[in-house]
Amino acid sequence: MKRRSFLLTGAAATIALPAMADAGPILKVVKTPTCGCCTAWVDHVRQAGFQVEVQDAGQDALYALKNRLQIAPELAGCHTAVVGDYFIEGHVPAEDIARLLSEQPAARGLSVPGMPMSSPGMGGPGAGDTFDTLLVRPDGATSVFASHS
């Protein structure tokens, strides 16, 4: 009897997994394998409830992705993600990503240029820098999507 309960429980868990996978969009992150702040940012978005797939890549492959997505050098961060039809460049806070996906503005994505010390993965709130998350419009122009201090 115990074996049957165990098997039924295992079957139920297997059945539940595909439903969990459909819970929301997957954030596909490309980063270099040795970057600790990128790993910390991935932890941040996972803790916020995002499903995340991580691909470690060399710097040349990462730059090629940024070029393909037409991310201007002045908008670049140390990792790049794609979720739905949007790119997420750099240390963008999870709440900004959630807002982007909720509002679905006409845009190519979000960017936190550089590596601000107060951004997720870099030390978090109170670490020093104020920073803006920029909305990148279809024509490449930017506007402030959110300000963080």
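Is Lys 66 buried or exposed? At 4% relative accessibility, Lys 66 counts as buried. The model is a predicted one, and this lysine is a useful way into it.

Lys 66 forms a salt bridge with Glu 89, the side chains meeting at 2.4 Å from N to O. Because Lys 66 belongs to helix 3 (residues 59-68) and Glu 89 to strand 4, the pair ties together parts that are 23 residues apart in sequence. Glu 89 is also buried, with a relative accessible area of 0%.

The strand that carries Glu 89 belongs to a sheet. Seven strands make up this open sheet, in the order 2-1-3-4-5-6-7, and their pairing is mixed. Strand 2 (51-56) and strand 7 (142-148) are the edge strands, each pairing on one side only. From one strand to the next, the twist averages 20 degrees.

Within the sheet, strand 1 (residues 26-31) and strand 3 (residues 80-83) run antiparallel and are joined by three bridges. Val 30 has Thr 80 as its bridge partner in strand 3, while the partner of Val 29 is Ala 81. Ala 81 also has a bridge partner in strand 4, namely Ile 88. Strands 3 and 4 pair in the antiparallel sense over four bridges. They form a hairpin with two residues between the strands, where Gly 84 takes a positive phi near 60 degrees.

Two helices can be placed against these strands. Helix 2 (residues 36-47) lies across strand 1, strand 2, strand 3 and strand 4 (86-90), and runs at about 175 degrees to strand 1. Helix 4 packs on the sheet too, touching strand 1, strand 3, strand 4, strand 5, strand 6 (131-136) and strand 7. The direction of helix 4 makes about 135 degrees with that of strand 7.

The structure holds three salt bridges. Besides the pair of Glu 89 and Lys 66, there is one between the side chains of Lys 31 and Asp 56, at 2.8 Å from N to O. This pair links distant parts of the chain, with Lys 31 in strand 1 and Asp 56 in strand 2, 25 residues apart. Lys 31 is buried at a relative accessible area of 6%, whereas Asp 56 is partly exposed at 44%.

Glu 103 and Arg 99 form another salt bridge, at 3.0 Å from N to O. These two residues are four apart in helix 4, so about one helical turn separates them. Both ends are partly exposed: Glu 103 has 48% relative accessibility and Arg 99 has 32%.

What is the situation of Arg 108, which has no salt bridge? Arg 108 is buried, and the nearest side chain of opposite charge, that of Asp 139, is 6.5 Å away. A salt bridge requires a side-chain nitrogen within 4 Å of a carboxyl oxygen, so that separation does not qualify. The side chain of Arg 108 does reach the backbone oxygen of Leu 69, at 3.3 Å. Arg 108 sits in the loop between helix 4 (94-103) and strand 5 (109-112). Leaving aside neighbours within four places in sequence, the contacts of Arg 108 include Leu 69, Gln 70 and Ile 71, as well as Asp 85, Tyr 86 and Phe 87. Val 136, Arg 137, Pro 138, Asp 139 and Gly 140 are also among them.

Notes. Residues are numbered from 1 along each chain as its sequence is written. This is a predicted model: local features need pLDDT of at least 70, side-chain atom pairs count only at pLDDT 80 or more; totals for chains, interfaces and linings use all residues. Side-chain values use heavy atoms; hydrogens and water are left out. Buried means under 20% relative accessible area, exposed over 50%, partly exposed in between (1.4 Å probe, protein chains only). Lys and Arg count as positive and Asp and Glu as negative; His and the chain ends are not counted. A polar contact is a pair of N or O atoms within 3.5 Å; within protein, one must be able to donate a hydrogen and the other to accept it, and residues adjacent in sequence count only if both atoms are side-chain atoms. Contact means heavy atoms within 4.5 Å. Two strands pair if DSSP finds at least two bridges between them. Axes are lines fitted to C-alpha atoms, for helices over the stretch in contact, and angles run from 0 to 180 degrees between N-to-C directions.
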